[in-house]
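User: Please take a close look at one part of this model, the largest nonpolar core. I would also like to know what lies in the loops and in the largest pocket.

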Amino acid sequence: ESLPYPVVLTIVPEDTAPPEITSSDSATIDENIGSSQIIYVATSQDESEVSYSLADGADAGLAINQITGEVTLADNPDYDSDSEGEVKQSYSFTVVASDEAGNSVELPVTVTVNNLDEVAPTITSADSATIDENSGASQVIYTATAADTDFNGAEDITYSLSNDSDAALSIDALTGAVTLTTNPDYETQSQYSFSVL
């Protein structure tokens, strides 16, 4: 007579759930930060170790570290033009996060390039002016004008006077109008000097 032989059958759960990507689907970077910069970091949660890759169709010059999820841009980002002379205001790619069981999930990402004002304005007004003596106090004796072709134009320009400018002078930061607070008198002072910034 045979005795019963107990057998335990253990069911091993199968990992069928893909990783959960926890990083954002967008990021911003400043232009001209230099080449080979990290512009995005993919993060995720999963029961097993996750590796990262980029799906086909990612913008040129992008690479991802399969362990850390760091996305690197080989080129120097330039809002005004890329290495081929084309305007490049954003980069697009899709992050693929895969676990050890082969489950994967994708996240399309857009990295926007911030346009920076890189060139100082050019002062277009003259470097001298004349006024009549005894013409009255608190009058505008000069108006500074400037052009800023690099960014949005004149609305972004503000004016000031250097510290060594004559104390009797003030400037309107928005209009560039320079005002003389005293009544000009040739015998007392024949000229006023100032530097517009």
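The reply below starts with the core, then turns to the loops and the pocket.

Analyst: This is a predicted model.

The core comes first. The largest nonpolar core has 20 residues. Ile-39, Tyr-40, Phe-93, Val-95 and Val-111 touch the most other members. Seen generally, nonpolar side chains tend to be buried together in soluble globular proteins.

Strands supply this core. The elements that give two or more residues to the core are strand 2 (26-30), strand 3 (37-41), strand 5 (50-54), strand 6 (62-64), strand 7 (70-73), strand 8 (90-99) and strand 9 (104-114).

Val-95 deserves a closer look. Residues up to four places away in sequence are left out of its contacts. Beyond them, Val-95 touches Ile-21, Tyr-40, Ala-42, Tyr-52, Ser-53, Leu-54 and Ile-64. Val-95 also touches Val-105, Glu-106, Leu-107 and Val-109. One of these partners, Tyr-40, is itself among the core residues that touch the most other members.

There is a second, separate core. It holds 14 residues, including Ala-144, Tyr-159, Leu-169 and Ile-171.

Now the loops. Two residues in the loop between strand 2 and strand 3 have positive phi values. Asn-32 lies in that loop, and its phi is near 60°, positive in a residue other than glycine. Ser-36 is found in the loop between strand 2 and strand 3 too. Ser-36 has a positive phi of about 60°, although it is not a glycine. Their exposure is given as follows. Asn-32 counts as partly exposed because its relative accessible area is 32%. Ser-36 counts as exposed because its relative accessible area is 53%.

Asp-78 links another loop to this region. Its place is in the loop between strand 7 and strand 8. Leaving aside neighbours within four places in sequence, Asp-78 is in contact with Glu-31, Asn-32 and Lys-88. The C-alpha atoms of Asp-78 and Ile-33 are separated by 8.6 Å, and the two residues are 45 residues apart along the chain.

Next, two buried polar residues in loops. Ser-48 is found in the loop between strand 4 (44-45) and strand 5. With a relative accessible area of 19%, Ser-48 falls under the 20% limit and is therefore buried. A polar atom of the Ser-48 side chain lies 3.3 Å from the backbone nitrogen of Glu-100. Not counting residues up to four places away in sequence, Ser-48 touches Asp-15, Asp-99 and Glu-100.

Asn-103 sits in the loop between strand 8 and strand 9. Asn-103 has a relative accessible area of 15%, so it is buried. A polar atom of its side chain lies 3.4 Å from the backbone oxygen of Ala-17. Residues up to four places away in sequence aside, Asn-103 touches Asp-15, Thr-16, Ala-17, Pro-18, Pro-19, Ala-97 and Ser-98. Asp-15 appears in the contacts of Asn-103 and of Ser-48.

Last, the pocket. About 510 Å³ of space lies in the largest pocket. The pocket is lined by 24 residues. Nearest its centre lie Ala-129, Thr-130, Gln-191, Tyr-192 and Phe-194. The lining divides into 12 nonpolar, eight polar and four charged residues.

Methods:
Residues are numbered from 1 along each chain as its sequence is written. This is a predicted model: local features need pLDDT of at least 70, side-chain atom pairs count only at pLDDT 80 or more; totals for chains, interfaces and linings use all residues. Side-chain values use heavy atoms; hydrogens and water are left out. On a 1 Å grid over the protein atoms alone, a cavity is a set of points where a 1.4 Å probe fits but cannot get out, and a pocket is an open set with protein on both sides within 12 Å along at least five of seven lines; lining residues have an atom within 4 Å of a point. Grid points are joined across faces, edges and corners, and a volume is the space filled by probe spheres set on the points. Ala, Val, Leu, Ile, Met, Phe, Trp, Tyr, Cys and Pro count as nonpolar, Asp, Glu, Lys and Arg as charged, and the others, Gly among them, as polar. A nonpolar core is a set of buried Ala, Val, Leu, Ile, Met, Phe, Trp, Tyr and Cys residues joined through side-chain atoms within 4.5 Å. Buried means under 20% relative accessible area, exposed over 50%, partly exposed in between (1.4 Å probe, protein chains only). Helices (H or I, at least four residues) and strands (E, at least two) are DSSP runs, numbered from the N terminus. Contact means heavy atoms within 4.5 Å. A polar contact is a pair of N or O atoms within 3.5 Å; within protein, one must be able to donate a hydrogen and the other to accept it, and residues adjacent in sequence count only if both atoms are side-chain atoms.
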